[in-house]
Structure formats: C-alpha cells, structure tokens
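Hi everyone, thanks for coming. I'd like to spend a couple of minutes on how two chains sit against each other, so have a look at this with me.

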There are 2 protein chains.
Amino acid sequence: MSTTTPAGFRASGVTAGLKASGRPDVAVVVNDGPDHHAAAVFTTNRVEAAPVTWSRQVVVDGRADAVVLNSGGANACTGAQGFQDTHATAEHTAAALGVAAGDVVVCSTGLIGELLPMGRLTAGVTAAVAALTDEGGAAAAEAIMTTDTVPKTATATRDGWSVGGMAKGAGMLAPALATMLVVVTTDAVTSPGDLDAALREATRTTFDRIDSDGCMSTNDTVLAMASGASGAGATREELTEAIREVCADLARQLIGDAEGAAHDIEIVVRSAASEADGLEVARSIARNNLFKCAIFGRDPNWGRVLAAVGTTAAAFEPSQLDVSINDVQVCRAGGVGEDRTLVDLEARDVRVLVDLHAGTDEVTVWTNDLTHDYVHENSAYST
Amino acid sequence: MSTTTPAGFRASGVTAGLKASGRPDVAVVVNDGPDHHAAAVFTTNRVEAAPVTWSRQVVVDGRADAVVLNSGGANACTGAQGFQDTHATAEHTAAALGVAAGDVVVCSTGLIGELLPMGRLTAGVTAAVAALTDEGGAAAAEAIMTTDTVPKTATATRDGWSVGGMAKGAGMLAPALATMLVVVTTDAVTSPGDLDAALREATRTTFDRIDSDGCMSTNDTVLAMASGASGAGATREELTEAIREVCADLARQLIGDAEGAAHDIEIVVRSAASEADGLEVARSIARNNLFKCAIFGRDPNWGRVLAAVGTTAAAFEPSQLDVSINDVQVCRAGGVGEDRTLVDLEARDVRVLVDLHAGTDEVTVWTNDLTHDYVHENSAYST
C-alpha cells in the first residue's frame, strides 16, 4: 500500500492523457492529519524545474497538506509560463481539496523543455482528487512511472506506527539526487524539525549513494509527510531509522530497475581516510564508462577500477591498493593479484571492494553496468 | 612521414608478437641530433604506469635520444616487476643504439594489469633498431595502434624547418590526457625551455580539450623531441604555433576515430566569465551520458544539455542560457526556443553552442556520442 500504509493518508492515480502510452500519469497524496508536518530534499542542479522552485517554498514552514505529481512532462526549462503552470496546478489541487495552494507540493517528471498540456492536467487532478482513498498508494505509485518497468513501494512497520514510501526513477540516477520522485509518509507523532532531520540523514546514505549514470536531474524531489494519526510518538532516532529502511529499500529498487542495466554493482570502498574520500573514490568508479562496459561484458577488468581511483584526490598510495571483484582479489598492493579468470560475473549482482589502506572509513555506492539497452533507451527517449 | 618528416630523425615499426592479432606492436623513434632536446607531458592519473614513472625522470634534464613504444600491453599496475621491465626495455634499446638508458623514453599501451612478455619485447626492440630509417615514420605510427582503425600522423612545414607527429588513442580520451601516446618531432633550432613551453601551450588547447568518454588513462604521454638538424631557428612563438597545428590535427583525428563513435561533437561555450568556467561547462556536457546517447539517436534533446550545465559551479543565470544545436537555437533564455525538429543530426559533425551570458571567454571541447558500438568495443576489449 506504500504511502497509504500509515494512517491519515489518502492517495490516488489516474490517467490524464499526458503520456502518449495512455498509462496513468497523475497522482495525488493527501495528508489528512491531525499533523501536517512536511520536509523535503531537492536536486542540487542549478537548472531546476518549475515544480522544484515552487515546492521549496511550500515546505519552508514545515507544513504540507498534499502533493500532486505528474509524469509525461518535467516542466523544466519552461520559463515563466512553466512556473505559472505549476502554480495553477497547486491552486487547482488546493481548491479541489479545500486547502491552501501554499501547502500543496508539486512534482513533475518526463521530458525537459516542453510545456504541460494544462487542460488535460487539471482535469486529471480533478479526477485524482475524486478518486482518493486510504488504499490508493499502489495506484499513485503506478501513475508516477516514466521508463520504470515496475512501480516501487516500500514500508516499515514499528510498534504502533509505520512509514510508507513510493519512488519513480529509472535513468539519470546520480547523487543529490537521481531523477527520482519519492514520497515518504508516516503516521508517527513527531515534529517538523525531527522529520526534516530524519529525512536528510536517511537520504544521505541511501538516495545520495546511488549513481546509475552520473547524470543529475532538474526535478528530483524526496518529500516526507507526517500525519501523527497513529497517536504513537517516535524519537528522532527511531524515525530516522525507519525512514532510512524505506529509503534504502526504494533506492535498491531504483538501481534494480535502472534503464537497460544488466548488472547491479555494489562498490564498497574500505579503509578510507574519511567518508568524503571514500565517497569520491566510489563515485569515480561508479561513473567510469569503461569499467561499466567491462562489467556488462562480464570482464573483471580491474585496471579500469584503478584508473578511476587514480583520478581522485583521496588519500592512498597506488602501491597499496587492493581490489576484489565478487570476492576474488584480482589486484593486490597495486599489482596483479589472483587470476582474473576466476571471477564469475554471470549473476546480476556484482560486488567491487576497494581497500585504500588509508584510514578507517567505509562507504558503499550502488550503480549499474553500461549496456546496449542503456544506449538504446536513452537515444530513443523523446522520439 | 610524420615523425621522420623533420630532419635528424629515424623511426621504425615491427611485429614483436605482443598483440594476438599479429599486427605491428613495437616502434622506435631516434633523434640523431645535433640537438637532443626533449619535453613531455604525462597523464595526471595518480595510478600511473611504470613507463610513465620512468619517462618522467628521463626528460627532467630536457634531453632524450630516443623513444621506444609498444602496443599490446600497458605495463600498468604491474608493481616492481613492471618497473624493472620498463627499465630493462630502456637498457636494451640504449645498448642497441649506443646511447644512455637514461636518455630513452619508454611508452606502453594496451591492457592494464598484465606483465609484458619481455623476451618477445626485447627481440622486437632489436629488430626495430635494425629497421630504423629516415622514412620510418609511417611504420612507427602503425605499430602504436591499439583499437585505432587508422594510423594518425600530421605535419606542419615552415620556412626551413618542420614539425611532425604521430598519435594513437581511440578510447579513454579525456583531459590531461587521453589514453594517448603522441610523439612530436621538429628539426628547428630551439632550446629545451622553449620546447617545453611550446609543448605545454600546444597541448593545453588541443589534447586537453578532447574528451571522448571522461576516462583518464594510466599511460598517457606526449613527447616532443627537437634535433636542430635544419639549422633554422624558430622563436618560442613560432614553435608553439607549429606544434599546436600538429597537435590540433592529431587531436581531431583521435576524436574522429574514437571507439564506436557515430558523431563528432564540437561543444562551444561562449560568454563565460573565465576560461575555467567555460571549460567546466563544456566538459560537463561532454561527459553527460544522456546527452551523448541522445545525439547518437539524432535527438536534439537540449534539456540534457541544460541539466549538465546546471551541475557546474560556473557563473551563469539559468534564465539566461541559450543553446543552439547545428545552428538551430533550440533553447532561448533558459526556455523553449526554436522547434527542436528543425535540427538535422544526420551528418557526423555536430556543433553545440552554449551561451552563458556571463563574460567574454570562449572554450571549445570535442567529444563523441555514446553508441552501441562503444559499449560493444569496451565490453569485449580484454576478452
């Protein structure tokens, strides 16, 4: 049930005709309270879509009553008209719900640089509001899909309260964040400050650690809403842990469904001098096209791992680097280790372990291989 | 004739059996003087191959008598044994030529993480030294090829002196530098200081401005040697200009032969606040996989250009960005411009122009599209 698993939330998903495919494309999630706490993290791309600009302002005061989401168009790079369209979408949703437009978060996803067909969108919003139910989480999750092949939902249940979530995102997954739209709900009794802190801490080690293709979106939004409807209180730590569980689950689903991927790759950087060092090294490997092509070809080409590590400013000595691929230590002390032909890359899951021998920090990043299908899907997306 | 076009140089290329294909794989270029000036720029990858470590020391004193190059193995990530092998290669070449090993530059290219078959390599060096002629430039250029489909040579002729060059490199082309081995020769009368300055200035705006796949090699070397054999003097400016002409020619040949590429893309960033800003923006676009897939699919997806620009720290206002693709201004003032369907992407050459409206600097970077063939070639390279 995802976002409607926690009490106090209704959701829906309908077909407004924004997608050429005729699949559902407008979703609404409403927080019926009694609390209306909200927090969000957004893309750090300086070219941000109109709905991101709008929604940043909505959550500044820690309150939101609803979120309206559309696929079939990103409303990015659409100028003043695009912002007016986002504003109108919020106004229309607010009027249908009887709330203030300034408490309605708006999310859009799809092609950049096209105006939304507002007539169809507002009709869709009307239909979505009419369809809201406390079992609508699955329908909402389906309506936000773009090139996703499956809807993504997750839940975490605690003693008397729960967290639910849905996500969309299949390409353009990159740190901070990842062409993703995510809505997380909880019925725990908390505060806006705790909700914000919990969301930021949870995304830092989940959505910020997946990197499918190194590309950063103009529209990424991760929204959290808390209704307090369970009447059960959660500490900041308890809430953080539960939201992290849901975000980690959704993040792995995003990687598992990334465009055209044939392998899911877990990159673990061990013995880094700092978390920042480990992250820089892991991301450098995750973004190395040659390494990603090699994994697609089931080729344990560890030289490409070292070449990627060597481009970073992290603390390490080249002559001390160890690399294991699927538990075979193919590189030892910067040189040739075990026979690379011992590495089995048939399975979808691949684990690359790099030991920097420079400290005590460990960082994990998830990515995909680079495949024919990735090229195909991303060369045909808008045509 | 490439490296043997200037007087005072002999070269050769032979088959030593390092490549499974049986193609030529060992080259030697000798500077017979009277001058033996040398300068070089190397990869900035911290994981550098043994021959790079060796050759950095060779050129410190501004002198080199010869360079020996092999394809069929990079001798990178090969530890102490790898360095001993490079040293032995220099010693063997030096003995055959009657010069000091400390004046022999060594370059290797091929798979990382494998030791070279030294017996075959030294026999090849012996044969290559025996085959040296003042018309051997073409044979040398052929022997350094890896996945290149054609040898790359260029020359620039001036009044009484000339510059010649050869290059190899087809994938892993990225700034500073680009899985490339380049040897540039000149018979101008110059000084080691002028040669070094001319080479650095020439590579800064040529090899450092091509970026095929964002990956940086462990072996990149660009070596310049000056014989003075023409007896004709060249000022630093004249030498810089001639070396730049040869390097620019070779750089374009590298991009034109990049692995699997279907389009050569020129990215011009105009009205940047600084050269560094323009370069950051241009490289961000050149490394955006989604943009590169779109060009392969003949899709003028300018939203992906803006999404790439938005990840940089360069000075610009999102609402002022202009983007043209093949002279059609598809994005105007950060929003929708001319109809994107007017853009014709059938031809191999593509030109993307981004106007930041933030200053007066202009930077050009060359890259390729991301294609099925790129994935294929790089997933099957070592297998």
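Okay, so on the chain B side 53 residues are in contact, and they touch 53 residues of chain A. Keep in mind that this is a predicted model.

How much area do chain B and chain A bury between them? About 4,200 Å², with 59% of it on carbon and sulfur atoms. If you want three residues to click on, take R46(B), L290(B) and V375(B): together they supply 16% of the area that chain B buries against chain A, more than any other three residues.

Now the polar side of things. Between chain B and chain A we count two salt bridges. One of them pairs E114(A) with R340(B), and the closest N and O atoms there are 3.4 Å apart. Across the interface there are also 16 residue pairs in polar contact.

Which elements does chain B use? The ones giving two or more residues to the side touching chain A are α8, α9, β13 and α10 of chain B. Of these, α10(B), residues 372-379, gives the most, with six residues. By class, that side of chain B has 24 nonpolar, 23 polar and six charged residues.

Last bit, the symmetry. Turn chain B by 180°, with a shift of 0.0 Å along the axis, and it lies on chain A with an RMSD of 0.0 Å. That's the relation of a two-fold axis. The residue of chain B that comes closest to the rotation axis is H372(B), its C-alpha being at 2.6 Å. And 98% of chain B's interface residues are interface residues in chain A too, so the copies meet through the same surface.

Conventions:
Residues numbered from 1 in each chain as written. Chains lettered and ligands numbered in written order. Predicted model: local features only at pLDDT ≥ 70, side-chain atom pairs only at ≥ 80, totals over all residues. Heavy atoms only, no water. Contact = heavy atoms within 4.5 Å. Buried area = accessible area lost by both parts, 1.4 Å probe. Salt bridge = Lys/Arg side-chain N within 4 Å of Asp/Glu carboxyl O. Polar contact = N/O pair within 3.5 Å; in protein donor to acceptor, adjacent residues only side chain to side chain. Helix = DSSP H or I, 4+ residues; strand = E, 2+ residues; numbered from the N terminus. Nonpolar A, V, L, I, M, F, W, Y, C, P; charged D, E, K, R; others polar. Least-squares fit on C-alpha atoms with pLDDT ≥ 70 in both.
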